[in-house]
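Subject: Model for your files

Hello,

Here is the structure you were waiting for. Please open it alongside the notes.

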Amino acid sequence: MDRKAFVKEIASILDSKKAENISALDVRGLTSLADYFVIATATSDTHAKALADYVEEEIKKHYGEVPHHIEGREWNRWIVLDYGDVIVHIMLPDVRDYYGIDWLWADAKKVV
């Protein structure tokens, strides 16, 4: 599967569950961590958990992929789903603002 289409699908899944301020960034050439970041804001820790669970479930069901690693499930304030070349960040608004993740990757090309 085309990874750009994969990224757009993740953004669509997040949007279908009312994630806010969704952005998908092409970070190739800016970091060796991944090729794409998908960043979304959850309205509560319960919402963050639900978003992460739904992304994981839908991607596994439709694409047969599972995250290589998951971080943040113990607090549900910043959950990271690592699909290797695509990293999904689901954050609460105060966490997203505090870490300035959008500012850090401002040079990245927007996919969504």
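The notes below cover the sheet, the helices and the core.

This is a predicted model, in which local features need pLDDT of at least 70, side-chain atom pairs count only at pLDDT 80 or more, and totals for chains, interfaces and linings use all residues. Residues are numbered from 1 along each chain as its sequence is written, and side-chain values use heavy atoms, leaving out hydrogens and water.

Sheet. An open sheet of 6 strands has the order β3-β4-β5-β2-β1-β6, with mixed pairing. (Strands are DSSP runs of E, at least two residues, and helices runs of H or I, at least four, numbered from the N terminus; two strands pair if DSSP finds at least two bridges between them.) At the edges are β3 (69–71) and β6 (109–110), each pairing on one side only. β1 and β2 are antiparallel over 5 bridges; serine 23 has isoleucine 39 in β2 as its bridge partner.

Helices. α1 and α2 pack at about 135°, their axes 10 Å apart (axes are lines fitted to C-alpha atoms, for helices over the stretch in contact; angles run from 0 to 180 degrees between N-to-C directions). Contact means heavy atoms within 4.5 Å. Residues making this contact include Phe6 and Ile10 of α1 and Leu51 and Val55 of α2.

Core. The largest nonpolar core (buried Ala, Val, Leu, Ile, Met, Phe, Trp, Tyr and Cys joined through side-chain atoms within 4.5 Å; buried is under 20% relative accessible area, 1.4 Å probe, protein chains only) has 36 residues, of which Ile10, Leu14 and Ile90 touch the most other members. Leaving aside residues up to four places away in sequence, Ile10 touches Val38, Val55, Ile59, Val86 and Val88.

Regards

Key:
Buried < 20%, exposed > 50% of the residue type's maximum accessible area, 1.4 Å probe, protein only.
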